[in-house]
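Q: Please take a close look at a single residue of this protein and at the empty spaces in the structure. A connected account in formal terms would be most helpful.

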Amino acid sequence: MTAHRSADASTHQDDEAPGSASDGNTEYGRKSFKRSRSHFADRITADGRDGWPVEPGRYRLVVSRACPWASRALVSRRLLGLEDALSLAITDPIQDDRSWRFTLDPDGRDPVLGIRYLSEAYDARETGYPGGVSVPAIVDVPSGKLVTNDFQQITLDLATEWTALHRPGAPDLYPEPLRAEIDEVVDGVYRDVNNGVYRAGFATGQREYEAAYEDVFRRLEWLSQRLADRRYLVGDTLTEADIRLFTTLVRFDPVYHGHFKCNRYKLAEDPVLWAYVRDLYQTPGFGDTVDFDHIKRHYYQVHTGINPTQIVPRGPDLAGWLTPHHREQLGGRPFGDGTPPGPVPPGEEVPPAGRP
């Protein structure tokens, strides 16, 4: 999810959110939508081949709880027990014209990085970088430089390169025997669902919107059929595939159904997908990272080209997220031979306003 530092949304219309005080916000829904590749694609690996070795305490993960792409990293970090090894910075869900900002922290500065805006870490890495400022981002604490904003690779590396720092009982989220199937499933999910809702929401013409709309619901129907008799997307345990689908599904009824006009039906009207996403939400490591308040305020207040009044809907009622899902009847072992993550660390709890 990207925030722009200037009003050149015509150049960077490919990402989710420019700054709320930028003219770029009004351009959403007026410029053709295309999501760009991550500009900073260095990897943090066990052997440090890109110059960034895995080290406990060296790096800081910067996220917005509003952002589905950043939320993938939040879930992975919790499930793998990396909280002590990889510290967390949470941005304000509402940006200004300088991008994601740390106004939730005392004095408006991240207490570890000492910066007011994530863009400062981008500038430390590449002076005058003209592009958008996206989350998730991992920053090297000693130098203050951005390491990577490659949202597709970050979670895979957390699962496979950070294993020496995983908690005892951490699940294997990207098991080698299932990687080809996971990759195939997430490719379709990314194209038609994760990214499809944005193609629909930011469409500039009827035909463009309807094509994206059809892609979204065709894939949702495929997923509903796939999950009708299996608890998880690939194999019988939680994997990267479930994480990537969850972060879109959990936003579907609060945001994408209305704000992005993906309104053939609500997720709550599909018994299979509604039970599946509630099952995940109620699993430690998933729902305890979700802040519905941040999600709704971000989308409805930042995308002023789509919602010029910035009015945030009161609904939907969140109580249903805690109702029984009965998916355990399908079997499956959520954490495989491992165990659930422990309690949310102090200071990382989702505030009451963001929970059912």
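A: In this predicted model, the residue to examine is R251, which counts as buried because its relative accessibility is 2%, and buried means under 20%. R251 is found in a loop, the one between α7 (240-249) and α8 (252-256). Leaving aside the neighbours within four places in sequence, the contacts of R251 are R65, A66, C67, P68, S71, Y256, I295 and Y299.

One of these contacts, R65, leads to the empty spaces of the model. Rolling a probe the size of a water molecule over the atoms shows where empty space is left. The largest pocket holds about 290 Å³ of space. Its lining consists of 14 residues, and R65, I90, L104, D105 and G347 are those nearest the centre of the pocket. Strand β3 (residues 87-90) contributes the most to this lining, namely 3 residues. Sorted by class, the lining of the largest pocket comprises 6 nonpolar, 2 polar and 6 charged residues.

R65 also appears in the lining of the second largest cavity, together with L74, R77, R78, L88, D288, T289, V344 and E348. The volume of this cavity is about 50 Å³. Helix α1 (residues 68-80) supplies the largest share of its lining, 3 residues. The classes here are 3 nonpolar, 1 polar and 5 charged residues.

The structure holds 2 cavities of 30 Å³ or more. The largest cavity has a volume of about 70 Å³, and its lining is formed by D42, R43, I44, I138, T148, D150, Q153, I154, D157, L158 and W162. Of these residues, 4 come from helix α3 (residues 151-160), which is the largest share. The lining of the largest cavity divides into 5 nonpolar, 2 polar and 4 charged residues.

The setting of these details is the protein as a whole, which has 10 helices and 6 strands. The radius of gyration is 19 Å, close to the 21 Å that the globule rule gives for 356 residues, so the protein is as compact as a globular protein of that length. The C-alpha trace spans about 55 × 50 × 35 Å along its principal axes. R251 is buried, and buried residues make up 57% of the 356 residues in the protein. Among contacts between residues at least 6 apart in sequence, 70% join residues at least 24 apart. Finally, the accessible surface of the protein comes to about 14000 Å², with 48% of this area belonging to carbon and sulfur atoms.

Conventions:
Residues numbered from 1 in each chain as written. Predicted model: local features only at pLDDT ≥ 70, side-chain atom pairs only at ≥ 80, totals over all residues. Heavy atoms only, no water. Helix = DSSP H or I, 4+ residues; strand = E, 2+ residues; numbered from the N terminus. Buried < 20%, exposed > 50% of the residue type's maximum accessible area, 1.4 Å probe, protein only. Contact = heavy atoms within 4.5 Å. 1 Å grid on protein atoms, 1.4 Å probe; cavity = no way out; pocket = protein on both sides within 12 Å on 5 of 7 lines; lining within 4 Å. Points joined across faces, edges and corners; volume = space filled by probe spheres on them. Nonpolar A, V, L, I, M, F, W, Y, C, P; charged D, E, K, R; others polar. Rg over C-alpha atoms; globule rule 2.2 N^0.38 Å. Areas by Shrake-Rupley, 256 points an atom, 1.4 Å probe, with all protein chains shown as cover.
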